[in-house]
Amino acid sequence: AWNVFQHFYPYFDVVEVDWDAVLTHALERALADRTEEDLLRTLNWLVARLEDGHGGVYHALQAGLGLPPFRVEWIEDKVVVTASRLAAFERGDVVLAIDDRSAADIVRDDEVYLSGSPQWRRVRAMGQFGLGKAGTRSLARLRRGRETLEVPFERAARSPVAGPPARAPIDRLEEGIFYVDLSRASWPDIESRIGELAAARGIVFDLRGY
């Protein structure tokens with residue numbers, strides 16, 4: 001894996017990384033690895049050093065993983081619930097810890113093994129927060145207002161909980177300024193408002209979705 005990047009990765013001129021030193025450290029880690037899970041982490045660590053948002057390592061082991069029944073985002077330096085399948089977790093709850101491990105430590109540790117810009121690593125860490133073997137149970141410590149709560153949950157091998165869209169697919173931000181989410185707005189929707197859009201002073205086209 002290291003050798004393929006050494007000869008074909010096109011961005012070493014913009015990524016500040018001592019790739020030879022990465023090889024040495026990765027080999028030392030691999031020598032100490034005893035399980036497939038250990039080696040998977042080592043490979044993830046190696047790819048993360050490239051800081052490339054398209055970089056990742058995939059393995060059949062990941063098919064047995066599951067996520068908590070809630071979704072979080074990083075808001076004001078805290079891990080905050082933004083959506084949930086369980087009524088026990090409310091939008092706005094601050095996750096303080098999972099099984100006595102602080103939420104901030106979980107995020108920081110995960111980011112070491114995720115490739116991308118600092119902002120993209122944070123997004124990816126939020127998307128996998130609380131990841132573990134499907135069917136395992138954990139205890140979340142939450143702050144809700146002035147209360148501190150402990151809420152048990154079970155991980156499920158399901159798609160992540162989707163938070164509500166912040167805006168409609170086509171929305172007016174202010175007079176003469178429109179927002180168009182091109183991952184959600186269909187062409188008939190756009191065509192039906194093409195007159196408004198053509199006359200707008202400005203349009204924000206959201207291209208973040210695939």
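This passage looks at a helix pair and a small set of strands in a predicted model.

Take the helices to start with. Helix α4 spans residues 103–111 and helix α5 covers residues 118–127, and the two pack with their axes 9 Å apart. The angle between them comes out at about 120°. Angles of 65 to 115 degrees would count as roughly perpendicular and those over 145 as roughly antiparallel, so α4 and α5 are oblique to each other. As for handedness, the crossing of α4 and α5 is right-handed.

What sits at this crossing? On the α4 side, the residues are Val-107, Asp-110 and Glu-111. They meet Arg-121, Arg-122, Ala-125 and Met-126 from α5. Sorted by class, the contact of α4 with α5 is made up of 4 charged and 3 nonpolar residues, with no polar ones.

Now for the strands. Three of them, in the order β9-β10-β11, form an open sheet with mixed pairing. Strands β9 (170–174) and β11 (202–206) are the edges, each pairing on one side only. From one strand to the next, the twist averages 25°.

The pairing of β9 with β10 can be followed in some detail. Strand β10 takes in residues 177–181, runs antiparallel to β9 and is joined to β9 by 4 bridges. One residue pair to look at here is Ile-170 and Val-180, the latter being the bridge partner of Ile-170 in β10. The hairpin of β9 and β10 leaves 2 residues between the strands, and in this hairpin Gly-176 adopts a positive phi near 85°.

Over on the β11 edge, Asp-206 deserves a look of its own. Asp-206 belongs to strand β11. Is this acidic side chain buried or exposed? The relative accessible area of Asp-206 is 8%, and buried means under 20%, so Asp-206 counts as buried. Setting aside neighbours within four places in sequence, the contacts of Asp-206 are Tyr-179, Val-180, Asp-181, Leu-182 and Ser-183. Val-180 thus turns up twice in this account: Val-180 is the bridge partner of Ile-170, and Val-180 is also in contact with Asp-206.

Methods
Residues are numbered from 1 along each chain as its sequence is written. This is a predicted model: local features need pLDDT of at least 70, side-chain atom pairs count only at pLDDT 80 or more; totals for chains, interfaces and linings use all residues. Side-chain values use heavy atoms; hydrogens and water are left out. Axes are lines fitted to C-alpha atoms, for helices over the stretch in contact, and angles run from 0 to 180 degrees between N-to-C directions. Angles under 35 degrees count as roughly parallel, over 145 as roughly antiparallel, 65 to 115 as roughly perpendicular and the rest as oblique. A crossing is left-handed if the near helix is turned anticlockwise from the far one by less than a right angle, and right-handed if clockwise. Contact means heavy atoms within 4.5 Å. Ala, Val, Leu, Ile, Met, Phe, Trp, Tyr, Cys and Pro count as nonpolar, Asp, Glu, Lys and Arg as charged, and the others, Gly among them, as polar. Two strands pair if DSSP finds at least two bridges between them. Buried means under 20% relative accessible area, exposed over 50%, partly exposed in between (1.4 Å probe, protein chains only).
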